[in-house]
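Hi everyone, thanks for having me. Today I'd like to walk you through a structure, one piece after another. Let's bring it up on the screen.

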Amino acid sequence: MTDPISKVKLGFTLNGAAVEIAPEAGERLSQSLRERLGRRDVKIGCDAGDCGACSVLIEGENHCACLVAAHQVQGLRVETLAGLVEREPITQGLMERFQDHGAAQCGICTPGMMVSATALLREEPAPSDTQIEDALGGVLCRCTGYRKIIDAVAGRAPRLDGRAEVGGAIRRLDGLAKVRGEERFGDDVAPQGTLELVVIRSPHARAGFEFGDLEAWAAATPGVVTVLTAADIPGENCFGVIPPFADQPVFAEGEARFRGEAVAAVVLTPEARRDFAQGDFPVTWQERPAVMGVAEAREEGAPQLHEGRAGNLMITGFVARGDAEAALGRAEVVVEGRFESGFVEHAYIEPEAGFAQMAGDKVEIHACTQAPVMDLEALEIILGMDRSRIRIVPTGVGGGFGSKLDISVQPFLALAALKTGQPVRIAYSRTESMQSTTKRHPSQIHLRIGADGEGRLCGFAFDGDFNTGAYASWGPTVANRVPVHASGPYQLGDYRAEARGIHTHCPPSGAFRGFGVPQAAIAQESLFDELAGKLGLDPLEFRIQNALRDGVPTVCGQVFGQGVGIGACLEALRPAWAELRAEAEAFNLDQAGPLRRGVGVAAGWYGCGNTSLPNPSTIRAGLRPDGQVVLHQGAMDIGQGANTVISQVFASALGLAADRLVLIGADTDVTPDAGKTSASRQTFVSGNAAKLCGAALRGEILRAMNAGEGAVLRFEAGAVLAEENGRQQRLDLAALPMDDLGYVMRAEETYDPPTKPLDENGQGEPYAQFGYAAHLAMVEVDTRLGTVRARKFVAAHDVGRAINPMLVEGQIEGGIAQGLGMALMEEYLPGRTENLHDYLIPTIGDIPPVQSLIIEVPDAHGPYGAKGLGEHVLIPTAPAILNAIAHATGVRMRSVPVTPSKLAAALKGDKNG
Amino acid sequence: MPDLSILSPDRLEDALLALQGGTMDILAGGTDFFPAGRAGPGRKPILDLSQIAALRGIARDGAGWRIGAMTRWSDIWRMDLPPAFAGLQAAAREVGSIQIQNSGTVAGNICNASPAADGMPPLLTLEAEVEIAAQGARRRVPLQEFVTGVRKIDLRPGEIVTALHLPELPEGAVGRFEKLGSRRYLVISISMVSALIGVTEGRISTARVAVGAASPVAQRLPALEAALTGVAAADLATFAFDDPAFYQPLSPIDDVRGSGAYRREAVAELCRRAILSACEGCGDD
């Protein structure tokens, strides 16, 4: 009989070195590697084998370390990314190629991808794309759309040009740490052994609750340090990203309003954490009747979620121009449809995580975030503390897409550190992340659109209900953005759009790439195809004919004299449109079997920056006596590439290669506010601030040297050289006085885009610029099984000026993958799809090749003409897919996701499928 | 205080002895064990079978075959096996992902008793028997009797599944597996079908068809099998696969992956594809 080996030393080889640990019985290998052996390059995304972020090689075979008991590797060889990049030439090659292709965006899935690719390439040095997909199919990525990962593994030629300035395709400046597994995300910064936090959450959509004797329970439970409830909040138990709508408690009081809402938190030792079950906590729940859909919530007598929001109506957004009804009345053709969509989960691979500690009387919060200064402002109110006593130190962000704009772990961590005086950490479980953080708003849209006999749009009436969940979050932004954008980038003189945000006992809906515009685009772009069909017009030409142009007012009456690029995007699609439509039709003629191909088109636009509200960015830079230029880059890089793009803009303005800059991130103690990473604003708004800042620093240097505007600067150790007309000057930096930040020269500039308020009819100037997009999708439908496989995308994006074309492509491919997920597979159902095997996002085998057509119609307000891009990439994808399905099958789907079950029912003519 | 121990014996006898001591939770490949929270709070002492080499591997066993309980899915698809295994091998490649296939075991898939277990339909068509050991006792149970319901199996305290036995494979038979899911990888099946088809002198001589995720436990389809037997391979294209009588053993439900009505129709189509493809495979000889 074997002796029990619990607590007995376990030995194995980790990255070539013998190690010994004494794990708990049943401890996951991922946990042992991260917390006992400091191998935090092993990432945890789901703890269920659903995401592959924790992939490691055991005896050369690829395994999810979260599904292996530490005891099972006794005597075996274990390799993680950090070891492979040191010792394995194959991985070292991948490291270079991942950077060359921009195959790591946020970087959280990168260890899993590279470990999986190493296992493949050891066995098959020249794999086919299918072999690559099979080998990497167990690792989810939410940022890249996978195509650049395939290119990197296959070793295709990258498109780099090495120009570290505006317009240059260069590697990400922050990419090396990502491919080495050294990027520190929210759960990677806390020291081993730090106290942990467990949040106690409502198991019901609506419930009253009562605590037992918490003090007695805490005292009697080994390892429990303290319990936090609403009573521990020194300031206000209330937060919200839009101050007039702030309504969300840190800890619910009296009643929980959604499944997963926090009511308390327990601070405990890591050992106690492992054995803690939610059922151990002394709380009793009284489940109460809940309203989950907008129709129920609007009914008379429905439970009301918030005082002062009668009928559960949070807000109505409204835009009207001309007379929509009169125009529809005189239109030659009118089409009408009702469309619906469900909750969509952001599903970044990094669940919310962080740690907090006291530094004197200051509380420091290290966590993943898209909006460090907004976090700080929220904590000022919750903690009732002056902001000088709060420091937000953003960690690496393993994907955000809108949800990490809202605070999540931050108040719990801050309260725990303040109450205990000790460092405290938390990483949400996947289920906790899905239950408690924001979602894309479910929508119910009714739309009518008319056209005259010549195919010109004639009347547009949009009415949408958006399920905003239990709390406001970014719901007001969605309600306001949708009516401004629901027209799409088209000429419409007679327009009316109303969007309502309605409370339910669902998780709060908030910001998700596009703020409601993708939902509206599904309705509008689907009906455009129907209109074109009724008029006998080609769908692409119909859009081109009606496309917004320079000098034509938008539905808000805003007139852009320049920079309207939708016509150019649509026109750029003409060759691919003709070719792919013909290819699909030929394919279908040849088919005896159930497969049918179709090609669809859709367009979109998106206003960059806040809607008619100020949203300044400030960028600071300094010149050190050693000749290094330091850029305080406060625009959070959540994978999209702000660290690189903002640097390229700054570098061009200053006259120094971007890869020579020293970057300092968005730490609120040392870097000014560059605003939130949201609203596709960073390239545009922070980019402008960076351009101004670069120019200001350059001006200061030139003045000090009495050099002219045209001088070429060279930064050397301890000196700056200026060359002009063959004459060279030298500025010795050591001789100059240093300021309080250690700089001999410094510049700080702010940019706030010019907008004008909207009147009661939504007329005004909501944005200083829009970006434009149009996608083609080719799909293949299995008409017997209802499955849809995307075969190809062609995506034209007007970015004004591509600051970094490689990163532009990365954004496009990643957005298309999210749009495909929304169209075909993603639906969050509280209580039912709270993990990554019931909630499906696209895998590497679901995303076909994407051809990006980068269109550059410069914008007068953009830095070097650049426009925002982050959200545009998602908007046309889903409607293009729906239009392609209709082209393939003749069936128009008006409810997403189009699951095989729903499509098969529709193909049979069953509307209830 | 719970007993926090974990045992990793390298001999089956030691494992069986350990099970006598009380209730232990058996850990095989871990791919269901950990997600189900069995290593979390309230866990039982763990009996890890991964070190018992004798439980892993595929070998001839008289006229039939023996698949060790701890054989990984990737062991199965990596091996060179007769065409009758092609359905099982195809299913092995569709289980989760390469990581799951490298960890997950055949017996674990069966013992987890999910209606959507990808291993069940092909093993049913291979007429697998489950070999079960207890201290001083061995027994064999046909697979369809071993899994008795959702998350329910015929395994008594003190017992361990040690292998699956396959009887002699029908001469020249070819296996196939068709999985239906909403995405390419890492997907729980909406439904899946496995077929094992043998053709003699142009007519179907062996027809075994099993369906998963359309009933609490995967099912063979005897009426369909009977109707197929004797059909000329050349006539299969016009065979009426959509006859509801064939699918009478199924009771598909509505869930997040699809409606019951959809599953019923999809299964008929999957059967058609699996059987036609297997039949074509028979022609390759």
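Let's begin with one pair of residues: in strand β10 of chain B, I160(B) is the bridge partner of A133(B). Before going on, please keep in mind that this is a predicted model. The pair belongs to a longer match, since strand β6 (residues 129-134) and strand β10 (residues 160-166) of chain B run antiparallel to each other over five bridges. If strand pairing is new to you, strands of a sheet pair through backbone hydrogen bonds, either parallel or antiparallel.

Now zoom out a little. What is the order of the strands in this open sheet of chain B? Reading across, we have β4-β5-β10-β6-β7, five strands with antiparallel pairing. At the edges stand β4 (58-61) and β7 (137-142) of chain B; each has a single partner strand, so one side of each is left without a neighbour in the sheet. From one strand to the next, the twist averages 30°. A helix joins the picture too: α1(B) packs on the sheet and touches β6 and β10 of chain B. The direction of α1(B) makes about 130° with that of β10(B).

Next, how do the two chains meet? Chain B brings 44 residues to the contact and chain A brings 52 residues. On the chain B side, α1 (12-20) appears again, as one of the elements that supply at least two residues each. Which element gives the largest share of that side? That is α4(B), with five residues. Sorted by class, the side of chain B that touches chain A has 23 nonpolar, 14 polar and seven charged residues.

Over to chain A, which is divided into four parts: domain 1 (1-159), domain 2 (195-290 + 352-427), domain 3 (509-610 + 768-907) and domain 4 (617-751). The centres of domain 1 and domain 2 of chain A are 32 Å apart, taken over C-alpha atoms. Where these two touch, six residues come from domain 1 of chain A and five residues from domain 2 of chain A. The domain 1 side has three nonpolar, one polar and two charged residues.

Finally, look at the start of chain A. Strand β1 (residues 10-14) of chain A pairs with β2(A) in the antiparallel sense over five bridges, and one of the partnerships is G11(A) with E20(A). Together β1(A) and β2(A) make a hairpin with two residues between them. In the turn, N15(A) has a positive phi of about 50°. Is β2(A) well covered or hardly covered? Hardly covered: among its five residues, the count of buried ones is zero.

Notes. Residues are numbered from 1 along each chain as its sequence is written. Chains are lettered from A and ligands numbered from 1 in the order in which they are written. This is a predicted model: local features need pLDDT of at least 70, side-chain atom pairs count only at pLDDT 80 or more; totals for chains, interfaces and linings use all residues. Domain bounds come from an automatic or database domain assignment. Two residues are in contact if their C-beta atoms, placed from the backbone, lie within 7 Å. Ala, Val, Leu, Ile, Met, Phe, Trp, Tyr, Cys and Pro count as nonpolar, Asp, Glu, Lys and Arg as charged, and the others, Gly among them, as polar. Helices (H or I, at least four residues) and strands (E, at least two) are DSSP runs, numbered from the N terminus. A residue is buried if 20 or more other C-beta atoms lie within 10 Å of its own, exposed if 12 or fewer, and partly exposed in between; C-beta atoms are placed from the backbone. Two strands pair if DSSP finds at least two bridges between them. Axes are lines fitted to C-alpha atoms, for helices over the stretch in contact, and angles run from 0 to 180 degrees between N-to-C directions.
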